[in-house]
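Please take a moment with the sequence and the model below before reading on. The paragraphs that follow lead through its enclosed spaces and through some details of its backbone.

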Amino acid sequence: MPHAGPRGARGASRGPGARPFAAVDLGASSGRVMLASVGEGALSLREVHRFPNEPVRVGGTLYWDILGLYRGVLAGLRAAGRETGGRLAGVGIDSWAVDYGLLDASGALLGNPVHYRDGRTEGMAERVARRLPPAELYAATGIQHLPFNTVYQLAAERDGPRLAAARRLLLIPDLIAYWLTGEAGTELTNASTTQLIDPRTGDWSARVAEAAGVDLGLFAPLRRPGDPAGTLLPEVLAETGLTGPVPVTAVGSHDTASAVAGVPAQGDRFAYIATGTWSLAGVELPAPVLGEDSRRANFTNELGVDGTVRYLRNIMGLWLLQECLRHWAAAGTPYELGPLLAEAARAPALRSVVDAGDPGFIAPGGMPDRIAAACRRTGQPEPRDAAETVRCVLDSLALAHRAAVADARRLSGRAVDVVHIVGGGAHNELLCQLTADACGLPVVAGPAEAAALGNVMVQAGAAGAVPGGLAHARGLLRATQPLRHHEPSGDTAVWERAAARLTGGED
């Protein structure tokens with residue numbers, strides 16, 4: 001059963017000498033600007049502006065509305081300035097991975113960035129594999145195969161007019177930083193998701209780039225978390241009402257890198273699950289795991305803060321639930337999430353489960369029907385109503401969390417005593433309890449704002465407001481953030497039997 005941790009005081013943090021930092025955190029469905037007050041032994045965080053992130057389909061292609069996102073960032077910095085009398089000690093930017101904008105020789109954007117869920121990468125993995133077999137690609141980069149990885153997006157653009165005209169490629173958080181500061185860079189944690197970085201060296205893999213036909217000259221110089229990324233331009237100061245200079249710091253600009261930095265762990269015997277649209281489940285390591293067993297298990301070696309490696313598996317995550325809710329609302333039956341989760345908690349446990357890593361769930365639209373079809377294919381009963389569909393989703397996510405944590409332990413040799421769930425799923429008590437039950441390990445849930453907190457911790461460390469690196473920052477998080485503890489209950493064997501249904505091991 002869940003119980004509150006020893007500290008839950010988010011606001012008990014405005015100590016003397018605390019300094020204000022803004023964290024720009026861009027997610028797949030919304031963006032927000034968070035304002036933190038940070039000092040030795042002091043940390044508070046609150047949202048000052050949230051704005052939608054709504055993709056747009058034009059001419060059969062799905063795009064990000066990047067100018068709308070930038071407008072939201074400026075509005076958020078303006079709101080942060082109103083709270084602080086126009087002064088900020090710094091700004092950091094994190095976002096989702098793999099997507100990018102292309103700039104021409106003058107620095108102008110060559111069209112909106114294409115969304116990773118767009119279908120243009122179909123067949124690109126096979127094209128790259130003809131020049132660089134998957135086992136060799138994994139041995140060189142350690143990145144999990146996903147059909148939308150940047151290397152495949154660039155393969156899809158290889159003969160197109162945009163790439164021919166491009167002189168610079170900036171990943172999404174680096175593009176926002178460029179517009180804010182006029183200085184271009186490529187932050188390393190996000191660059192590692194492109195499938196073009198060697199995780200052993202922390203530098204580009206010329207061999208992979210050549211085989212994939214990628215011009216590494218398109219990328220700006222690499223930055224690491226904590227490196228300076230410029231200062232806000234005069235026009236940005238005028239637009240936001242801030243008083244300069246305001247430094248921009250490279251943080252773990254892949255939001256998962258920031259989220260893992262925001263895990264309030266003690267020691268290294270922990271697994272983490274960063275939950276949101278995706279669930280990213282794994283362990284933190286000092287070096288990558290690049291063997292064939294790791295590739296076949298579809299684990300990825302993304303680079304993290306303070307020279308760490310985020311050894312993890314991508315799982316479909318709360319996207320499944322979000323898409324169900326969107327479908328029902330569009331069909332005229334909107335549900336409130338709280339009551340629906342309460343009904344799901346009363347629904348039969350493990351009646352039906354689906355593979356939460358199935359690529360068939362990536363595209364938007366018709367999610368309840370696709371879940372029902374997946375149940376039929378594996379000989380399981382279809383959910384009979386919305387509550388049973390939600391229970392199927394959450395049971396399936398817990399099952400996928402269980403498999404990822406077990407595989408991470410086995411493949412890395414890292415002992416795990418506790419699982420930390422951070423991000424939006426930390427609020428979902430049913431999911432957290434089901435994960436504890438499935439893994440047979442205690443779960444610590446929170447903070448929900450781990451990405452923004454990790455973002456801020458890197459900024460504060462670079463500014464000297466929080467000394468001591470990750471260990472010290474995590475101690476501050478444990479002391480100031482509300483956490484809930486979930487102890488495992490029941491028999492893990494029932495989860496083993498449920499997993500066997502997906503592979504035909506049980507009738």
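A residue is called buried when its relative accessible area is under 20%, and because Leu350 has a relative accessibility of 10%, it counts as buried. The model is a predicted one, and the values given here are computed from it.

Leu350 is a useful place to begin, since its backbone can be considered alongside its surroundings. Leu350 sits in the loop that runs between helix H13 (337–346) and helix H14 (367–377), and its phi is near 55 degrees, a positive value in a residue other than glycine. Most residues other than glycine have a negative phi. A comparable description can be given for Val98, which is not a glycine and yet has a positive phi of about 70 degrees. Val98 belongs to the loop between E7 and strand E8 (100–103), and, with a relative accessible area of 5%, Val98 is buried.

From Leu350 the reader can move to the enclosed spaces of the model. The structure holds two cavities of 30 Å³ or more, and Leu350 is one of the residues that line the second largest cavity, together with others including Ala347, Pro348, Arg351 and Ser352. Further along the sequence, the lining of this second largest cavity also takes in residues such as Pro381, Glu382, Pro383, Glu388, Arg391, Cys392 and Asp395. The second largest cavity contains about 70 Å³ of space, and the residues of its lining divide into six nonpolar, one polar and five charged.

The largest cavity, for its part, contains about 80 Å³ of space, and its lining is made up of 13 residues, among which Ile93, Asp174, Ala177, Thr249 and Ala250 lie nearest its centre. Strand E7 (90–94), H6 and strand E15 (247–249) are the elements that give two or more residues to this lining, and H6 gives the most, with three residues. By kind, the lining of the largest cavity divides into seven nonpolar, three polar and three charged residues.

Asp174, named among the residues nearest the centre of the largest cavity, deserves a closer look. Asp174 is found in helix H6, which covers residues 172–181. Is Asp174 buried or exposed? Its relative accessible area is 4%, and therefore Asp174 is buried. Leaving aside residues up to four places away in sequence, Asp174 touches Gly185, Thr186 and Glu187, and the side chain of Asp174 reaches the backbone nitrogen of Glu187 at 3.3 Å. Measuring instead from C-alpha to C-alpha, Asp174 and Ala184 are 7.0 Å apart in space, while they are 10 residues apart in sequence.

The last details concern the peptide bonds. Most peptide bonds are trans. The bond from Gly244 to Pro245, however, is cis, with omega near -5 degrees, and Pro245 is found in the loop between helix H9 (234–240) and E15, the strand that also gives two or more residues to the lining of the largest cavity. A cis peptide bond also joins Gly446 and Pro447, where omega is about 0 degrees, and Pro447 lies in the loop between strand E21 (443–445) and helix H17 (450–463).

How values were computed: Residues numbered from 1 in each chain as written. Heavy atoms only, no water. Helix = DSSP H or I, 4+ residues; strand = E, 2+ residues; numbered from the N terminus. Buried < 20%, exposed > 50% of the residue type's maximum accessible area, 1.4 Å probe, protein only. Contact = heavy atoms within 4.5 Å. Polar contact = N/O pair within 3.5 Å; in protein donor to acceptor, adjacent residues only side chain to side chain. 1 Å grid on protein atoms, 1.4 Å probe; cavity = no way out; pocket = protein on both sides within 12 Å on 5 of 7 lines; lining within 4 Å. Points joined across faces, edges and corners; volume = space filled by probe spheres on them. Nonpolar A, V, L, I, M, F, W, Y, C, P; charged D, E, K, R; others polar.
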